Amino acid sequence: MSKTYLSSTLSERAIGNYIQKVIIHPPEPFDTLVSEREVMQMVVQGMTSAEIGKKLFISPRTVDIHRANIMRKLV
């Protein structure tokens with residue numbers, strides 16, 4: 001396995017960017033919902049996990065996992 005090394009200047013810049021992006025200006029909870037947004041929209045429309053799964057070609061269990069992730073990220 002090869003290792004990649006960064007100069008101290010690049011390392012400091014990367015760490016500074018990370019701190020700015022994640023710690024000082026954390027994302028809004030809704031912005032963290034990526035794959036869950038489509039599921040959430042269908043839940044709001046009153047669709048069941050089975051209906052959502054059929055429409056998105058995923059299992060109802062996967063829909064339930066997305067629903068749990070939505071709750072975890074937004075609560």
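Colleague: Are α2 and α3 roughly parallel or oblique to each other?

Modeller: In this predicted model, helix α2 (residues 36-44) and helix α3 (residues 49-56) pack at about 135°, with their axes 10 Å apart. Angles under 35 degrees count as roughly parallel, over 145 as roughly antiparallel, 65 to 115 as roughly perpendicular and the rest as oblique. The two helices, α2 and α3, are therefore oblique.

Colleague: Which residues make the contact of α2 with α3, and how many are nonpolar, polar and charged?

Modeller: Contact means heavy atoms within 4.5 Å. Helix α2 contributes Glu38, Val39, Met42 and Val43, and α3 contributes Ile52, Lys55 and Leu56. With Ala, Val, Leu, Ile, Met, Phe, Trp, Tyr, Cys and Pro counted as nonpolar, Asp, Glu, Lys and Arg as charged, and the others, Gly among them, as polar, the contact holds 5 nonpolar, no polar and 2 charged residues.

Colleague: Is Thr48 buried or partly exposed?

Modeller: Thr48 lies in the loop between α2 and α3. Buried means under 20% relative accessible area, exposed over 50%, and partly exposed in between (1.4 Å probe, protein chains only). At 38%, Thr48 is therefore partly exposed.

Colleague: In which helix is confidence highest?

Modeller: The pLDDT, the predictor's confidence in each residue from 0 to 100, has a mean of 85 over the protein, and 93% of residues reach 70 or more. Residues are numbered from 1 along each chain as its sequence is written, and side-chain values use heavy atoms, without hydrogens and water. Local features need pLDDT of at least 70, side-chain atom pairs count only at pLDDT 80 or more, and totals for chains, interfaces and linings use all residues. Confidence is lowest in α1 (residues 8-24), at a mean of 84, and highest, at 94, in α3.

Methods: Axes are lines fitted to C-alpha atoms, for helices over the stretch in contact, and angles run from 0 to 180 degrees between N-to-C directions. Helices (H or I, at least four residues) and strands (E, at least two) are DSSP runs, numbered from the N terminus.
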